[in-house]
Number of protein chains: 2
Amino acid sequence: VKIAELTTPALLVDADAIDHNLGTMSAALPAGRLRPHVKAHKSTALARRQAGAGHRAFTCATIREVEGMAAAGLGEDLLLANEVIDCGRLSGLDARVTVAVDSEATIEAAARGHIKEVLIDVNIGLPRCGCAPEQAGRLADLARRKRLEVRGVMGYEGHVVGLEDRGLRQELTEQCMGLLVGAHEDVGGEVISAGGTGTFDINTQASEIQAGSYALMDSAYARLDLPFRQALTVLSAVISVSGSGYAVCNAGLKSLGMDHGNPGMDGGHSVYLVSDEHITFGPGDPVEVGDLVRVLPAHVDPTVAYHERMYLVQGEDVLDEWPVDLRGW
Amino acid sequence: VKIAELTTPALLVDADAIDHNLGTMSAALPAGRLRPHVKAHKSTALARRQAGAGHRAFTCATIREVEGMAAAGLGEDLLLANEVIDCGRLSGLDARVTVAVDSEATIEAAARGHIKEVLIDVNIGLPRCGCAPEQAGRLADLARRKRLEVRGVMGYEGHVVGLEDRGLRQELTEQCMGLLVGAHEDVGGEVISAGGTGTFDINTQASEIQAGSYALMDSAYARLDLPFRQALTVLSAVISVSGSGYAVCNAGLKSLGMDHGNPGMDGGHSVYLVSDEHITFGPGDPVEVGDLVRVLPAHVDPTVAYHERMYLVQGEDVLDEWPVDLRGW
């Protein structure tokens, strides 16, 4: 199958770029030093490639992701790095499941749902989940009283991973990790899980890094000084060319996560306006109706979540089709 | 089933609000005066309600939507109000299919794909698809030479439908429709298809209005002077409550279209930060872990497209489950 035969819009993964990204990451963070986050790609086929690169433990953001990874035989060591209340859904799975907890209520929920292992989720600066660092020890004690095995701590310097200035990223990561390492001293266990694509080689105090975006990348992360290539594009067809100098292709708000702003485009095209099923753009090179163009997502995670499948491609050839099978909740 | 038993995040449709919306619209624009746009809800179950309210002709934005509507037995008169190149996918359907064309290339594609009927899509101000008004007659002649039945014209005042000032909306709609009516004189046929939720009672020159958002609504359209209620919310569970005054629920960038900005929230809560699977918010009323909160999407179309299903609810009761079965392309 050739790219030109695909129904558009279609999510493409460049085979050479993803091989480069997976290889670069597994060289820097081999085996268990990386716990790839599947939320970025929501695909067990891609996760299997990451397992093939040596990473057998994975990070998930939703119960559906844990269920899907277990069903795909990738459940050797799954961390649900998020607070959940309906833990009962996790108890029957053929997988080792560790859940993040940050409160008495989530510890209760884990115990009630017959979860065996937890991490204490610690807030290290991002205003989101996680207990205050000084509460971590108390919560670990409570979890152990509830007969939960406490494997250690996790935190996420999510407000730092996207900063373009490497020096600042470094400085703030150290501050964040100071809090997490301090909490870990109170909690115990072997695991200090943290980090993301933007801090994969900066966060040296975590025992494992939860990076996800590195595999496919997006134009927000591409602005940083990272050794990963943009492997993900949305293939789109030109459907209208105006006499006034602009053209329109058939990707849009339903094929692109928009929270990081407009996507980019290959071919020197400039994005003017994104609507539900259209991008109005200023052509760099001239285009005609029927031409295929490549759109570069600004944010990988909410882009992939719109699509049923990704196509692995090399040049004009479609090598494989990967279902985005971990969508939903 | 009660709302409290649903897996979160979940898309809820308030039964009273949608009944109000469908009833209000069909009173204002009965039967064929409205051609409901299914792109806003992507659900054949909801479209069947609209057919029950008297509207048997529908608007679609994608081939998948046309295919799904035909398969659901709702294919009496489907307008694909968008330019497509792979028209061959439409030829075998058990439906009357009319396709928008705006160029020689899309007319060729329609003829090659054995499409029988077309509308000439005319640009009336929004920088997107549509031929220049003065080209419409020439394209209609070309289409007829290709043995396509030309049913009339369509246009979309998409840059006007969301303006909060009703006077300005009125003035600009008249300008836009002046262009479309002029093009229609050159084209002929019975159809002048245009309009949206924001101009449903302002655009009196169109023979049919293509409104879609009116059924479910969103917080962008709620700012206008429209008689429709917000029927759509995302049910979400509180998963973390910080000691610093904020809380976190489990809706996020993958359950909400973000191009119109942050969603709103019921209960006096204020949205601070939206991440992939989290909303950090300032609680109005105090909340606890496990509480259910309602998130109000800013833009209905790209929100619905993230979800597998909607639940029709009344008070605490779940009355029905509607698959979002028209997603993808």
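## Interface and sheet of a predicted two-chain model

The area buried between chain A and chain B is about 4100 Å², with carbon and sulfur atoms giving 59% of that area. Buried area is the accessible area (1.4 Å probe) that two parts lose on being put together, summed over both. This is a predicted model, in which local features need pLDDT of at least 70 and side-chain atom pairs count only at pLDDT 80 or more, while totals for chains, interfaces and linings use all residues. Residues are numbered from 1 along each chain as its sequence is written, chains are lettered from A in the order in which they are written, and side-chain values use heavy atoms, without hydrogens and water.

In contact (heavy atoms within 4.5 Å) are 53 residues of chain A and 53 residues of chain B. By class, the side of chain A that touches chain B is made up as follows.

| Class | Residues of chain A |
|---|---|
| nonpolar | 20 residues |
| polar | 17 residues |
| charged | 16 residues |

Here Ala, Val, Leu, Ile, Met, Phe, Trp, Tyr, Cys and Pro count as nonpolar, Asp, Glu, Lys and Arg as charged, and the others, Gly among them, as polar.

The rule finds 6 salt bridges across this interface, each a side-chain nitrogen of Lys or Arg within 4 Å of a carboxyl oxygen of Asp or Glu. In one salt bridge, Lys42(A) meets Glu277(B) at 3.9 Å, N to O.

Chain A also holds an open sheet of 7 strands with parallel pairing, in the order S2-S3-S4-S5-S6-S7-S8. Strands are DSSP runs (E, at least two residues) numbered from the N terminus, and two strands pair if DSSP finds at least two bridges between them. The edge strands, S2 (57-60) and S8 (208-209) of chain A, each pair on one side only.

Terms used:
Helix = DSSP H or I, 4+ residues; strand = E, 2+ residues; numbered from the N terminus.
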